[in-house]
Every structure is written in structure tokens, then in C-alpha cells.
There are 2 protein chains.
Amino acid sequence: MRAISAVGELAGTGPLLVREVADPRAARSARDPRADASRADDTLSWLAERTSAQPMAVTRTPLAAITGWSTDPDTGTIRHESGRFFSVQGVQVHSPRSPVPVWSQPIINQPEIGILGILACTFDEVLHLLLQAKIEPGNPRGHQLSPTVQATRSNYTRVHRGLAVPYLEYFRDPGRHRVLADVRQSEQGSWFLQKRNRNMVIELAEPVAPREGFRWFTLAEIHHLLAVPNVVNMDARTVLSCLPIDGGELEQKPGGGFAAALAASLSGTRGSLHAGAEVLSTITDHRTRMEVGTVAVPLAGLADWHRSEHSIRHRSGAFFEVVAVDVQASEREVARWSQPMFAAVGLGLAAFLVRSVDGVLHVLMHLRAEPGFVDVVEFAPTVQCTPDSYHHLPAGMRPPFLDLVTGAAPEAIRYDTVLAEEGGRFHHTETRYVVVETDEPIERPDYRWLTVHQLHDLLRHSHYVNVQARSLVACLRSLITPAKRRTP
Amino acid sequence: MRAISAVGELAGTGPLLVREVADPRAARSARDPRADASRADDTLSWLAERTSAQPMAVTRTPLAAITGWSTDPDTGTIRHESGRFFSVQGVQVHSPRSPVPVWSQPIINQPEIGILGILACTFDEVLHLLLQAKIEPGNPRGHQLSPTVQATRSNYTRVHRGLAVPYLEYFRDPGRHRVLADVRQSEQGSWFLQKRNRNMVIELAEPVAPREGFRWFTLAEIHHLLAVPNVVNMDARTVLSCLPIDGGELEQKPGGGFAAALAASLSGTRGSLHAGAEVLSTITDHRTRMEVGTVAVPLAGLADWHRSEHSIRHRSGAFFEVVAVDVQASEREVARWSQPMFAAVGLGLAAFLVRSVDGVLHVLMHLRAEPGFVDVVEFAPTVQCTPDSYHHLPAGMRPPFLDLVTGAAPEAIRYDTVLAEEGGRFHHTETRYVVVETDEPIERPDYRWLTVHQLHDLLRHSHYVNVQARSLVACLRSLITPAKRRTP
């Protein structure tokens with residue numbers, strides 16, 4: 001996070017210039033000494049109460065019977081009668097240099113750019129973030145912590161004639177407030193066709209009183225909750241990752257080897273293995289060379305995929321299914337609706353291999369192509385896959401470093417928590433997020449060791465870091481907060 | 001430009017970390033005291049000699065008679081028989097919030113990403129750049145200075161079975177050398193459909209001996225030549241703009257108000273009117289809100305455009321024409337060929353309004369949508385238009401600030417030179433590039449005052465600064481070199 005210091009402030013000398021300096025507030029918020037296990041327990045109780053008070057009933061329904069949605073008789077595309085929200089269609093993917101050079105799959109086409117926004121404010125001398133207890137039909141268990149605002153464009157332009165979105169006004173006109181982050185980022189490129197959301201953090205000069213279902217949290221409190229399965233939702237994780245945490249002050253504190261290396265990685269003052277120009281050149285090079293083609297094909301009769309009454313699934317039983325649900329909610333913009341969803345088969349895995357180089361923690365990032373990316377390649381976790389999907393493939397086709405992660409010694413595992421993917425589109429779809437420390441100086445052409453500071457620089461811009469890696473940035477950074485958390 | 005300082009260089013302690021610090025070499029090269037008017041004259045003579053030795057005969061030909069090209073009988077699309085290079089097709093553009101909300105036009109579709117690369121090397125204690133004397137069929141007069149390598153993908157993969165491209169090997173594997181810049185950038189979004197070229201500056205540890213037709217230049221020498229009409233070609237200008245010039249050292253030198261403000265603008269140490277997060281948020285906001293739709297339509301029978309034997313032109317006679325040429329060259333990869341080209345009607349205008357704010361020069365950038373942009377909006381010059389095209393429109397539709405530029409007092413005009421657009425696609429298409437100083441604190445929603453340092457930061461990434469603005473960055477920065485130039 002960059003703070004702003006005004007210069008040339010003599011009255012009447014004309015406009016002010018601003019200079020950007022390292023901003024210690026996020027790091028201080030991550031060290032908030034008042035955050036402890038009892039606060040985390042209190043939040044978990046609050047979330048459980050919200051679920052009791054506002055339950056959501058979700059039942060599977062036949063694909064042909066989704067109220068408000070229809071299947072195109074020619075193409076098989078599943079779309080909403082309004083033409084808005086999203087559709088499920090078929091694509092064929094050509095990726096000549098990958099182990100599977102051609103495949104077909106269903107994909108979600110959601111061209112609208114939604115808003116994922118968190119309000120920030122400093123009070124009681126600590127930076128706080130306003131989060132919402134929110135339930136989504138795909139959540140593995142009730143309410144999770146979500147951004148202040150989580151709204152599709154259909155949502156905030158009131159296509160479904162629901163209630164107004166609270167706090168939306170702060171994000172519709174960001175120029176009127178102080179912007180800490182405002183950047184469009186991709187979502188799952190294997191499941192979405194070029195979907196982007198606008199990730200925003202807007203700072204208020206004075207705190208607003210939280211409405212029912214909202215609470216202010218310090219970063220330390222959020223970091224404790226990131227150790228608990230399925231509490232901080234995907235949207236909150238991606239927005240958090242776009243708010244840089246400068247580690248400069250943390251470097252002064254006493255700490256062990258890992259903590260000090262992580263602080264040095266956040267601050268950037270001690271350097272990195274690769275210069276910035278070299279990192280950007282690597283991305284340009286991969287984006288220019290890689291040939292990934294994604295073409296629309298009919299969902300009806302899609303090669304290797306079979307539609308039954310309740311789902312569309314791959315003949316291997318692997319990857320994911322397209323399903324449909326009826327939803328009944330007590331307090332939402334709309335009380336009752338139906339929709340298609342994707343349901344992953346098996347638990348996903350997203351892992352960072354991290355290594356301390358001359359006392360600075362580096363993350364092994366994978367330059368990964370996904371069919372739905374806007375710009376060919378993004379930096380992804382070291383390992384990102386659904387391990388179960390590889391059971392039907394030969395051993396040589398297992399993703400690099402998968403065995404290194406699944407076979408890691410317990411003391412090398414720095415973070416290990418199951419977190420759900422976005423519950424508005426994905427049904428009970430969970431990923432095991434893992435950070436594993438290694439001392440192997442791995443070098444491979446499509447992998448690069450980057451510091452967290454370098455990831456922060458990339459995260460100011462669109463489409464450099466994919467959504468799984470953004471979640472892991474939030475998870476890895478949570479380790480700068482001293483562990484007072486307990487596992488429920 | 002960022003230099004790299006190695007830390008932790010103790011032998012055997014493992015990998016080195018690099019730290020990035022301001023690099024004064026580009027600024028020193030721009031102050032090279034040996035650059036003077038006689039050197040500029042020598043280069044102009046050399047270019048003239050090259051044109052005499054290697055003339056190029058260009059003759060207009062009927063559109064139906066372009067050897068190797070054909071017009072699709074149904075759509076009217078003009079394409080090469082190989083399917084490579086580029087095609088001329090029709091688009092309809094919807095831009096609901098612009099003065100002309102719907103229009104149709106021909107456009108060049110060139111999906112391949114070419115390489116524009118300059119080799120750099122420090123010798124005689126000064127940073128030098130290797131440029132090429134190159135002639136293109138559309139050049140208003142003979143040879144111009146172009147990048148070391150200027151190659152389309154068809155070009156360097158030898159689709160037309162021509163000669164190998166000299167020095168290409170340095171750019172095909174940039175990881176083996178030191179990369180100073182490597183970024184895909186857009187070209188004219190009004191004439192190209194999503195065209196990008198890869199702008200590269202690669203530094204060698206030891207200079208190579210220039211082949212015939214190549215010479216090493218300091219930045220000061222190039223800056224002097226930027227004051228001469230049609231000498232530094234568009235491709236050289238855009239690559240130059242992607243090489244940052246840190247102005248820190250220049251700030252120490254004595255100088256007038258404008259020179260000091262320009263140096264402060266280059267260095268960034270004294271701040272800027274808008275914080276970086278605010279600038280990025282402005283772009284995100286415009287890209288999210290603007291609705292510009294470009295759809296393919298047949299070129300045959302395109303509304304308002306008429307095809308005759310020799311051209312396709314707008315019924316008003318304005319904008320540009322599609323023409324065809326036969327080319328005979330003495331020394332090129334291919335000695336004889338034919339091709340379609342675009343020919344602008346009238347002289348273009350691209351202008352920066354600049355203003356000193358608290359001693360730091362700021363440029364008024366326009367957040368501009370063009371139909372061929374990959375990502376909706378880029379920062380463009382304050383004024384970018386063909387003034388003649390507005391004669392048939394009502395006065396209220398004249399672009400903002402046009403009158404302020406065309407009516408500027410002579411002493412406010414800091415730079416004013418006619419430069420050609422890319423001669424491989426554009427026939428005798430010239431633009432008057434102008435920098436006008438003002439003291440008006442203009443504020444408009446789709447304009448922002450940025451420092452050159454902020455533009456440097458944006459130019460490390462794709463699609464923030466359009467090609468006309470990149471030319472103007474090179475032109476504006478040329479003013480840091482003391483004027484010893486003379487007009488020929």
C-alpha cells in the first residue's frame with residue numbers, strides 16, 4: 001500500500017503534488033494485538049447465527065426445469081430468459097504444446113464486469129475493513145465473510161428487480177474517495193470464458209456504522225480466520241490480495257527465519273532473484289509464443305460430455321459437472337430463484353512452493369495458459385489441479401511438483417486450509433490451499449521465483465495473477481500475523 | 001530505465017538478488033556532448049545515399065489487380081493468397097456516448113504480433129542504440145531511421161521466402177541478454193483491428209559491428225534527428241518511448257524553467273498531481289463504463305464507402321482511402337511485391353498540452369476509445385485528429401482543445417515536426433506532432449494530467465498508452481537534449 005504525502009502545501013501556490021511512499025498501515029493492521037482466538041470464535045459464532053437466522057434451502061433440480069432459464073434447442077446453450085446474468089455454452093480448446101492438445105468442455109460465459117469492493121477506514125488507530133456475512137447457494141456450509149459489496153452488473157443495475165445493494169454508492173464513483181486498489185482481475189479460466197471482476201478497496205475518512213450483517217475487521221482478525229476452513233470467501237480473498245501489505249516495519253521486529261523472510265518478501269527493499277523488466281519480458285514472451293485457441297462449439301453433443309436429466313458430465317466422471325439448483329433464501333435481493341451451477345468433481349489443490357533466497361522468501365509461480373483467460377497466460381500457483389482428475393491419465397501426465405506438495409513433510413507445510421470457490425457459480429467446490437517451504441533451487445522454463453512484493457506490483461494491473469494465486473497471496477500473507485488462531 | 005545492483009555477491013552463498021535503482025545511462029546518452037548539427041547532417045546524407053543506392057519504385061495499381069491478393073466476391077474482404085500478412089475488411093462501430101454513435105469503415109486486420117526491436121550497448125562510456133536505414137513503400141521520402149529489427153511474424157518465419165532478418169536472433173530469445181524493455185503495444189486503433197507489436201530493447205555486453213545500412217546512435221543524436229521531418233520512423237519512435245529516461249541527474253544541471261520542469265517530470269522524485277492508484281483507477285473506471293462495440297461487416301457495400309477501380313473512399317472524401325501499390329525494391333527480403341495500403345486524407349495532428357505544476361511538467365492525456373483497441377480505452381494525446389475531417393461536421397463536434405493547439409502562440413510551441421506513420425501500411429500518411437505549453441489548469445472527466453515518469457510506469461505494461469502518444473513521449477523527451485539541431 002502506498003501512502004500519499006502532500007508537498008508544496010503553501011496556501012495559494014496552486015495545485016498540490018503527491019508523492020508516494022511506503023504505507024505501513026496495512027502491516028500494522030496485520031499486527032493488531034487485540035486480534036486473538038476469542039475474537040475469531042466470536043466471528044464464527046456470528047456467522048453461525050446469521051445462517052440460523054437467514055437459512056438458505058438449496059435443492060438440485062433437472063436441467064430442463066430451471067425456472068427462468070432455457071436450453072437452446074439447436075446449440076444446447078443454457079441461458080437466462082432475460083439474456084443477462086450468464087450462460088453455459090460449449091468450447092473447443094486447442095493448446096498444441098500441452099499434454100492434451102485438443103479438448104471440449106462446457107464453460108460459463110459471463111461477459112459483464114461485476115464489482116467486488118471492500119470499504120476501508122482507519123479508526124482506533126488501526127486500518128479496518130468492512131466485511132459482510134453472506135450466504136451463497138454453492139457454499140459448503142452457511143455464511144462466509146465476503147467483501148462489503150459483491151455485485152454483478154445485472155445485480156447492481158437491478159435487472160432482477162431485487163433490493164438495492166448496500167454501500168454500492170461508494171464504488172460507483174471511486175474518484176470521490178481515496179482509492180487503495182481498483183483493478184479488473186480474471187476468475188477461473190478453466191470454468192469461465194473471459195470473466196473479469198473489478199476488485200476495489202476504497203478508503204473512507206470516517207467509518208460508517210455497519211448495517212446488520214456487516215462488521216469491521218482488522219487484517220489480523222481476517223488473517224486468523226483464513227486458517228479456518230470455508231470462512232473467508234473467494235471474493236474477499238481476491239480483493240484482499242489486491243491491497244498491498246508493505247512489510248518494511250515488520251522487518252524490524254524480531255522473528256524466526258520464515259517470518260523474517262516473508263517480511264522481507266513483502267517489503268521488496270532487499271531485492272529479488274529476477275529484475276522487474278525480466279519478469280515482464282517473461283510474460284510478454286509466453287503470451288507471444290503460446291498458441292491457445294478457444295472456439296465456441298455447441299454444448300449439445302459436445303465430444304466426451306453427456307447430458308442426463310440432472311447434469312452434464314465428462315465420460316470419465318472427472319473434472320466437473322453442470323448441475324441446476326432451486327434456491328430459497330429468507331433475506332436476499334430476490335427470495336427465490338433457480339440457476340445452473342458448476343460442481344467440481346473432487347477436492348482441488350492450489351499450492352505455492354516457497355523458498356528463502358538470501359533471506360527473502362520467493363514463490364515459484366507458474367506461467368499458465370487457461371482457455372478462458374483474456375490474455376493467454378497468467379501467473380498461477382506452482383501446482384493447480386484437481387488431483388483426482390489425473391487418475392485416468394498416465395503417470396507422466398501428472399502436473400509438475402504435485403508429488404512434491406502432496407508428499408511434503410509436516411514441518412515444511414506452512415499453510416494448509418480448505419477454502420471454497422465462489423458459491424454463486426460453484427456448488428460445493430472446495431480447494432485445498434497449501435504453502436510448502438522447500439530449499440530446492442528449481443528452474444523450469446515456464447516457472448519463475450517471485451517475491452510477494454513483485455506480485456503486489458503485478459496485482460496493480462489486470463490479468464497477471466490468476467484467482468487461485470490471488471487466494472494464495474492472501475493465505476501466504478496471513479502468516480505475518482502471529483498465530484493465535486485455533487482450529488475449530 | 002532501471003539499473004540493477006547485485007547484492008549478496010559473496011561467492012558460493014547461492015543465488016544473487018538484484019535490486020533496482022534509477023539508471024542514469026539513458027539520460028547521459030541524451031546529453032552526449034559529441035552530438036551536434038554536423039552529426040545530424042551526416043546522418044541525413046547517409047540516409048539520402050541509401051535511397052540513391054537502393055531506390056524503391058512505388059506505383060498505384062487497381063485494387064482488383066494486386067498480385068498475390070484477392071477480393072472475396074461475397075464480403076469484399078481483400079486478403080493475401082497465403083492467408084497471412086493482413087487483410088482489409090469492414091467493421092461497424094457502436095460508440096453510444098460519442099458524437100457519432102454509429103459508423104462503418106474499412107479496417108486492417110493483422111492478427112500476428114511482430115517484433116520491433118532495438119539493440120543497445122554502452123561503449124565509449126555512452127549508451128548507444130543500433131538503428132537501421134530502411135525504406136518502406138508508404139514513406140513520403142526515401143529511407144528513415146528504423147529499429148534494428150522491424151519484422152512481422154510472417155516476415156521472420158519467412159512466409160514470403162525472403163532473406164533472413166539481420167539481428168533477429170537477439171530478440172527471439174531475450175532471456176539470454178539483458179532486457180531493458182519488452183512489451184506488446186497497440187498501433188493505430190482507428191485503422192487496425194487489435195494490432196499489437198512487441199516493442200523490445202535488448203542490451204548487449206559488447207557492441208556488434210554494424211552491418212551495411214545500420215549505425216549506432218546516442219540518444220542525443222536521435223533527439224536531434226527527431227526535430228527533422230520524416231527521419232525517425234514510427235516504429236523507432238514507439239520502441240524509444242518504451243525505454244525510460246530517468247531525469248534525476250538532469251535535475252542537478254542548471255536550466256530554464258521548461259527544461260527543469262521536464263527533467264523533474266522524467267525523474268518522478270518530486271511527485272505528481274495524481275497518485276498512481278488514482279490513475280490506474282481512472283483507467284479501470286473508463287474501461288468498465290465505456291461501451292464501444294466493433295462488429296465485422298462486409299467491406300462490399302459498406303455504408304458511406306464507395307469502391308472505385310483505384311480506391312475505397314468515404315462519400316465525404318474525408319478520413320482515409322484504401323489504395324493498392326506495386327513495389328519494386330533493389331535490396332529487400334523480396335524484390336518485388338504488391339499490397340493494399342491505407343492513405344490518410346489530409347495531415348494528421350497529434351498534440352500534447354503540457355503544463356508546469358509546482359515545477360514539474362505534466363501532460364494532459366486523453367482517455368480515448370478507438371474501435372481497434374484490445375481493451376476499450378488507452379491514454380492518447382490531448383488532441384488527436386485529422387483537422388480536415390471536421391470540415392463537414394458542425395463546429396460543436398470539433399475535438400476539445402483543437403483550437404487551443406492550432407491557435408497557440410509561437411513561443412508556447414515547444415515541439416512541432418511532421419512525422420510519417422508506418423510506411424509499410426500507410427501511404428504518404430503524415431502527422432504533425434506538436435507540444436504546446438499552457439498554464440490553464442484544465443479539468444475534464446476524460447482527461448488527466450500525468451508526468452512523464454507516470455507514463456514511463458504505464459509503458460512497462462501493454463495497452464495503456466496509444467501509438468500517437470508514444471510518438472509524442474519520444475518527441476517531448478527529445479527536448480532534454482540541448483538544441484544544436486538545425487532545420488534542413
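**View 1. A:Ser265 in helix H8 of chain A.** Helices here are DSSP runs of H or I that span at least four residues, numbered from the N terminus. In this predicted model, one such run in chain A is helix H8, which covers residues 257–267 and holds A:Ser265. Because its relative accessibility is 0%, and buried means under 20%, A:Ser265 counts as buried. Once neighbours within four places in sequence are set aside, the contacts of A:Ser265 are A:Val360 and A:Leu361, together with A:Thr451, A:Val452 and A:His453.

**View 2. The largest nonpolar core and its members in chain B.** This core has 71 residues, and the members that touch the most others are B:Phe352, B:Leu458 and B:Leu476. Helix H12 of chain B, residues 467–477, gives the most to the core, contributing 6 residues. A second core, separate from this one, has 70 residues, among them A:Leu226, A:Leu262, A:Phe379 and A:Val452.

**View 3. The surroundings of B:Leu476.** With neighbours within four places in sequence left aside, B:Leu476 is in contact with B:Phe258, B:Leu262 and B:Phe352, and also with B:Val354, B:Leu361, B:Val363, B:Val435 and B:Val452.

**View 4. The axis relating chain A and chain B.** A turn of 180°, with a shift of 0.0 Å along the axis, lays chain A on chain B with an RMSD of 0.0 Å. The two copies are therefore related as by a two-fold rotation axis. Within chain A, the C-alpha of A:His461 is the one nearest the axis, at 4.2 Å from it. Both copies use the same surface, since 100% of the contact residues of chain A recur in chain B.

Conventions
Residues numbered from 1 in each chain as written. Chains lettered and ligands numbered in written order. Predicted model: local features only at pLDDT ≥ 70, side-chain atom pairs only at ≥ 80, totals over all residues. Heavy atoms only, no water. Core = buried A, V, L, I, M, F, W, Y, C linked by side-chain atoms within 4.5 Å. Buried < 20%, exposed > 50% of the residue type's maximum accessible area, 1.4 Å probe, protein only. Helix = DSSP H or I, 4+ residues; strand = E, 2+ residues; numbered from the N terminus. Contact = heavy atoms within 4.5 Å. Least-squares fit on C-alpha atoms with pLDDT ≥ 70 in both.
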